[in-house]
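Me: Please take a close look at one part of this model, the place where two copies of the chain meet, and then follow the description outwards into the fold. I would like one connected account.

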Number of protein chains: 4
Amino acid sequence: MAGSSFGTLYRITTFGESHGEALGVIIDGMPSNISVDLEELHLELLRRAPGQHQVHTNRREDDRPRILSGVFEGKTLGTPICVIVENTNQRSGDYDKLKDSYRPGHADKTTMIKFGIRDHRGGGRASGRETLARVIGGYFAKKMLTSMSFYAYISQVGPYKIDKVISHGTPRGEINIPDENLTSEVVSFLKDCKVNGESAGGIVRLSITGVPAGLGEPVFDKLKADLAKAMLSIPACVGFSLGSGFAMASMKGSEVSSDSRHFGGMEGGISNGEEIILDLAFKAPSTIGEKAREGRHDPCILPRVIPVVEAMAAITLADQLLRQEAYHSFLTSNKDQ
Amino acid sequence: MAGSSFGTLYRITTFGESHGEALGVIIDGMPSNISVDLEELHLELLRRAPGQHQVHTNRREDDRPRILSGVFEGKTLGTPICVIVENTNQRSGDYDKLKDSYRPGHADKTTMIKFGIRDHRGGGRASGRETLARVIGGYFAKKMLTSMSFYAYISQVGPYKIDKVISHGTPRGEINIPDENLTSEVVSFLKDCKVNGESAGGIVRLSITGVPAGLGEPVFDKLKADLAKAMLSIPACVGFSLGSGFAMASMKGSEVSSDSRHFGGMEGGISNGEEIILDLAFKAPSTIGEKAREGRHDPCILPRVIPVVEAMAAITLADQLLRQEAYHSFLTSNKDQ
Amino acid sequence: MAGSSFGTLYRITTFGESHGEALGVIIDGMPSNISVDLEELHLELLRRAPGQHQVHTNRREDDRPRILSGVFEGKTLGTPICVIVENTNQRSGDYDKLKDSYRPGHADKTTMIKFGIRDHRGGGRASGRETLARVIGGYFAKKMLTSMSFYAYISQVGPYKIDKVISHGTPRGEINIPDENLTSEVVSFLKDCKVNGESAGGIVRLSITGVPAGLGEPVFDKLKADLAKAMLSIPACVGFSLGSGFAMASMKGSEVSSDSRHFGGMEGGISNGEEIILDLAFKAPSTIGEKAREGRHDPCILPRVIPVVEAMAAITLADQLLRQEAYHSFLTSNKDQ
Amino acid sequence: MAGSSFGTLYRITTFGESHGEALGVIIDGMPSNISVDLEELHLELLRRAPGQHQVHTNRREDDRPRILSGVFEGKTLGTPICVIVENTNQRSGDYDKLKDSYRPGHADKTTMIKFGIRDHRGGGRASGRETLARVIGGYFAKKMLTSMSFYAYISQVGPYKIDKVISHGTPRGEINIPDENLTSEVVSFLKDCKVNGESAGGIVRLSITGVPAGLGEPVFDKLKADLAKAMLSIPACVGFSLGSGFAMASMKGSEVSSDSRHFGGMEGGISNGEEIILDLAFKAPSTIGEKAREGRHDPCILPRVIPVVEAMAAITLADQLLRQEAYHSFLTSNKDQ
């Protein structure tokens with residue numbers, strides 16, 4: 001039922017079942033007169049496309065976005081931008097046997113309880129495919145956040161972890177792990193998973209730089225709270241932490257205060273101008289065994305979730321930036337009173 | 001600026017600086033004809049009151065709630081309920097020296113950047129005292145969620161952890177740790193903290209039972225997303241996880257699927273009727289050193305945050321329940337089509 | 001900037017410039033399992049299509065709707081429904097000369113001030129063409145409001161008025177005037193307008209029957225307030241009244257109270273179960289003179305606005321019905337306390 | 001159930017039954033660092049107080065506002081402002097006989113249907129007394145709208161009308177009619193009403209000057225739509241029109257275009273920088289006969305509704321101004337692209 005919108009001033013509304021006609025997004029609240037580029041948007045979508053790497057599903061999705069509104073002669077009009085992607089490569093026949101079976105760990109059963117009906121050909125709205133619409137929303141958000149830089153990478157897959165600090169912007173390699181050796185190990189591990197009908201979870205780290213101080217509201221709409229909602233709305237995301245996160249449970253106050261990086265770029269839930277650091281845990285996909293060996297599912301979603309994480313962060317910050325900008329003139333003029 | 005409301009149908013709006021005249025909450029969307037009791041509400045508030053235990057601040061707050069509207073002859077009217085608590089025991093004089101100093105890790109600096117002004121006598125809206133209003137909102141939410149039970153407890157303080165599974169409802173002891181031996185150790189540890197001008201963080205576990213299947217929306221307003229926002233809006237909360245959370249990063253799909261408890265009571269972000277389990281990390285308070293030794297600050301907020309965690313969960317579920325109830329008649333009648 | 005959504009639980013979000021690729025709507029919050037029909041929807045759109053009658057613009061729009069999501073095998077899924085209509089028949093060339101000219105009474109100038117850019121090929125979002133999306137939203141709303149009946153008709157065009165009471169459901173004739181003689185006179189009047197480069201305004205009356213008592217909220221979201229917003233959001237609508245409306249300014253209390261029809265189906269802004277009656281004033285189109293004689297503009301929008309008025313009313317009532325339904329179970333069970 | 005909030009960025013939430021402990025408002029989204037004054041606010045409230053003139057109810061309300069939060073040392077903090085007014089002068093005993101009787105034209109019956117319970121001592125939330133909270137919200141809104149001026153007056157009571165154009169700012173006299181002769185006639189008429197147990201309706205005209213061009217959103221949140229909702233949310237308001245309103249139904253396009261005042265200060269629903277003109281119809285109070293002769297009810301609410309009309313307009317414009325300001329920096333910088 002309702003619940004397909006995110007944001008107050010920069011608001012995206014997504015639609016589309018994984019095996020329906022098309023899916024897409026409306027971006028309402030985009031500033032006007034900002035140059036955008038269809039090819040650039042297409043490249044952003046390719047970042048989350050399957051079929052690009054051997055560790056992914058064998059499905060190929062050449063998701064060509066089509067801008068239906070809100071852009072004129074290469075510039076935003078300030079009106080709602082609708083972008084759709086047609087579902088051209090869905091082999092519905094494959095899924096017919098799923099009509100009356102609910103896959104554990106998927107939304108099949110809960111969707112049926114909630115709505116009394118579902119499009120059994122796929123995951124419907126709960127499909128990872130829905131995240132395409134978020135990446136589109138993130139593309140436009142980044143276009144208005146010219147001072148900010150979003151950098152997400154995989155810091156853990158199954159037992160493989162990055163232990164060192166990675167500088168923002170380090171090349172992320174073929175599967176979004178900014179470490180060559182670890183990349184090899186993980187590729188090998190995921191190939192094994194695929195062969196064995198297994199799947200793997202992991203952790204994504206997100207760093208955001210260039211965020212001005214003062215974003216986020218003092219109570220419920222704290223920046224950390226809105227980011228937490230944004231991230232937990234991503235399928236398979238099961239954990240969120242800010243700065244040193246769960247590790248801070250064991251730290252004394254003197255230790256926490258010794259390095260402002262522990263705070264992750266916020267104080268009182270409001271950005272303090274420093275680097276924002278988030279960690280996000282994702283569970284292993286629930287499709288395992290025979291079904292997984294068929295090859296149309298990812299053994300691990302983390303490589304492809306990276307642009308989605310960046311997009312949701314950009315959308316959240318675009319919204320909070322506009323909310324703060326609303327008071328810009330007042331803040332400036334009232335200082336002199 | 002705006003951002004003091006939480007929820008769509010069951011919506012709370014809070015107000016009040018820690019050292020202002022009063023603080024309080026408006027609860028809009030409460031069902032009518034539900035019996036409520038001022039004494040019961042007062043007891044709920046006492047659960048988060050300081051000054052009850054030697055490990056807490058020496059400040060005493062006898063927070064007597066006053067219901068200004070929405071209740072008539074002991075029953076809710078269905079109209080907005082406003083409850084206020086007067087700030088009677090604020091010794092503003094103590095805080096005057098803080099006028100031009102920003103405490104690290106607090107919202108002092110970010111508030112000043114954001115608003116260009118602040119009530120320097122205390123933490124303003126970022127004060128833990130604001131959470132009083134949330135506990136009031138949670139009291140009413142629980143009154144309408146008669147099938148559900150909320151049970152939060154401390155599972156870790158600094159280096160002290162609970163390793164066993166705690167049954168929902170186990171007595172929580174004097175500082176909300178449901179283990180007598182650990183309680184003694186933590187009390188001793190926190191007394192030392194207080195003496196040494198130190199502070200401690202920890203982890204809260206929340207279990208919710210009796211949640212009907214089908215709550216939560218498929219995309220952005222997933223139940224896990226709304227709960228994440230609710231929890232990260234609590235001061236000092238720096239981490240959120242669902243079910244087995246960050247531990248799932250290392251688990252293979254077969255392991256995750258072996259026990260539905262790993263999912264934490266949701267599939268596809270929608271409640272599946274099983275127990276909901278959340279873990280929440282809190283950082284140590286930033287007030288340390290000489291200031292902490294003065295005794296008007298908690299060395300650890302976890303004992304007092306327990307009712308706040310339960311309240312925010314209840315508010316979130318009340319909202320999602322009403323959102324689902326809106327379709328109840330349709331679901332029932334359309335099944336027969 | 002944002003502002004393209006309407007409704008809380010039943011929420012439509014529209015997009016599309018009049019001369020862009022396509023326009024459409026997302027309907028979020030539609031109940032599941034409701035049968036819908038593409039042909040039926042197409043017929044509803046034809047009700048507002050131009051080119052059907054000699055008093056209209058010469059432009060022809062064969063607006064074929066395409067359902068992209070939210071419907072599966074003829075039934076709603078409960079997920080967001082996206083419907084688009086491609087803009088196939090826009091002769092952009094005709095409009096190039098308008099690039100630097102602002103038409104008085106149109107949104108050209110205010111759009112430019114607001115956004116600093118506009119799609120000069122047409123009215124953009126302010127075009128009457130945007131109302132297509134509303135009619136689509138209304139089609140689905142009516143599908144869930146099976147007890148209600150919406151009946152709008154023209155009660156005045158320029159100097160021609162209907163003085164008698166029209167029964168809900170009376171045939172409305174070729175231009176939505178439920179009186180044959182008046183229809184002839186108005187057709188003749190509008191032909192003259194067209195020839196003379198003139199345009200005409202008028203009044204629409206809307207009657208809604210079958211509305212259950214209890215819809216609307218007591219304070220800001222009164223049913224009359226939400227309906228007023230819905231109607232004034234329609235282009236060219238300049239007046240709204242409920243029941244006997246402005247005529248009540250001259251009536252004494254005894255007169256008002258003598259017949260409950262004066263109240264228009266609400267008391268305290270909440271539906272009382274009786275017929276809801278609204279009057280809506282529309283101004284004459286601002287395109288006059290040489291431009292109007294070219295024939296691509298309607299001399300009077302009232303005949304085509306009828307389905308738009310009904311649609312906006314249905315959308316408003318769908319939203320208020322769901323908001324009230326959210327409390328249905330509570331109301332029923334609490335009565336017994 | 002929910003519905004007690006108005007606005008997106010400048011949002012007021014009101015609470016309080018007419019005969020409960022207190023009523024009040026939370027203003028969330030007020031800019032910081034703006035000087036406000038309790039005495040000035042008190043004077044604004046007195047503008048709508050009864051008992052000031054012989055044509056009013058005999059009840060006296062000395063409504064002393066109390067600011068609980070959001071203001072520090074005479075300046076706004078940018079945090080939610082809560083202002084309450086205690087209900088000190090309610091003689092509940094008078095109303096006990098109303099417990100089981102529903103007054104026609106009042107919200108008694110619809111409230112009972114909607115909620116299954118009501119505070120029978122008065123009108124509850126539907127009471128005119130709720131408008132106190134709106135006037136408080138309007139006071140703060142006006143404080144941030146320094147360029148704008150709001151001027152409402154009575155243009156009609158029963159058969160008595162103002163036929164000439166009244167300049168914005170003309171003194172409004174003792175009952176808000178800016179014409180001395182008409183004032184005498186209306187006072188006499190209303191005294192007769194009171195004696196005869198009758199009541200009267202009328203029309204309020206609102207003029208707003210100093211509104212910058214560009215406020216209002218293109219589609220649903222048009223400025224005229226938000227103002228219509230604001231006004232129709234006022235008790236007894238049954239009609240709204242913009243500019244020449246219903247009179248435009250009879251005007252040809254050439255006539256409408258001949259004078260931009262007909263448009264009432266908007267084009268395409270967006271402010272064009274000219275004077276905004278609204279007309280609002282109010283019905284006669286439903287309390288008539290013996291009950292009315294007792295003297296605790298106004299025979300006509302128009303004199304007291306004037307500050308409420310201005311307040312709702314100011315709240316609407318404050319919200320739309322902030323929404324537009326959110327894009328201010330973008331508009332300025334993107335112009336140079």
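Reply:

**The contact of chain A with chain D**

Of the interface residues of chain A, 95% are also interface residues in chain D, so the copies meet through the same surface. This is a predicted model, and what follows should be read as a description of that prediction.

The contact draws 19 residues from chain A and 18 residues from chain D. On the side of chain A that touches chain D, two helices, α8 (302-325) and α9 (328-334) of chain A, each supply at least two residues. The greatest contribution to that side comes from α9(A), which gives four residues. Sorted by class, the side of chain A that touches chain D consists of nine nonpolar, eight polar and two charged residues.

The geometry of this pair can be stated as a rotation and a shift: a turn of 180 degrees, with a shift of 0.0 Å along the axis, lays chain A on chain D with an RMSD of 0.0 Å. Among the residues of chain A, A:A326 comes closest to the rotation axis, its C-alpha lying at 1.8 Å.

Chain A has a comparable relation to chain B, since a rotation of 180 degrees with 0.0 Å of shift along its axis superposes chain A on chain B, with an RMSD of 0.0 Å. The two copies are thus related as by a two-fold rotation axis. For this pair, 100% of the interface residues of chain A are also interface residues in chain B, so here too the copies meet through the same surface.

Moving from the contacts between chains to the packing inside one of them, helix α1 (residues 38-46) of chain A packs with helix α3 (residues 131-144) of chain A at an angle of about 135 degrees, and their axes are 10 Å apart. At this angle α1(A) and α3(A) are therefore oblique to each other, and their crossing is right-handed. On one side of the contact stand A:L41, A:E44 and A:L45 of α1(A), which meet A:L132, A:V135, A:I136 and A:Y139 of α3(A). The residues of this helix contact divide into six nonpolar, no polar and one charged.

In chain B, a single strand residue shows how parts distant in sequence are brought into contact. B:F150 lies in strand β8 (residues 149-157) of chain B, and with 24 C-beta neighbours inside 10 Å it counts as buried, because the cut-off for that class is 20 or more. Leaving aside residues up to four places away in sequence, B:F150 touches B:K142, B:I208, B:E310, B:A313 and B:A314. B:V36, by comparison, is 114 residues from B:F150 in sequence and 18 Å from it in space, C-alpha to C-alpha.

Two loop residues deserve a separate look for their backbone angles. B:N33 is found in the loop between β3 (22-28) and α1 (38-46) of chain B, and its phi is near 70 degrees, a positive value in a residue other than glycine. With 18 other C-beta atoms within 10 Å, B:N33 is partly exposed. D:E73, placed in the loop between β5 (71-72) and β6 (75-76) of chain D, likewise has a positive phi, of about 50 degrees, although it is not a glycine. D:E73 has 8 other C-beta atoms within 10 Å and is exposed.

Terms used: Residues numbered from 1 in each chain as written. Chains lettered and ligands numbered in written order. Predicted model: local features only at pLDDT ≥ 70, side-chain atom pairs only at ≥ 80, totals over all residues. Least-squares fit on C-alpha atoms with pLDDT ≥ 70 in both. Contact = placed C-beta atoms within 7 Å. Nonpolar A, V, L, I, M, F, W, Y, C, P; charged D, E, K, R; others polar. Axes fitted to C-alpha atoms, helices over the stretch in contact; angles between N-to-C directions. Parallel < 35°, antiparallel > 145°, perpendicular 65-115°, else oblique. Left-handed = near helix turned anticlockwise from the far one by under 90°. Buried ≥ 20, exposed ≤ 12 C-beta atoms within 10 Å, placed from the backbone.
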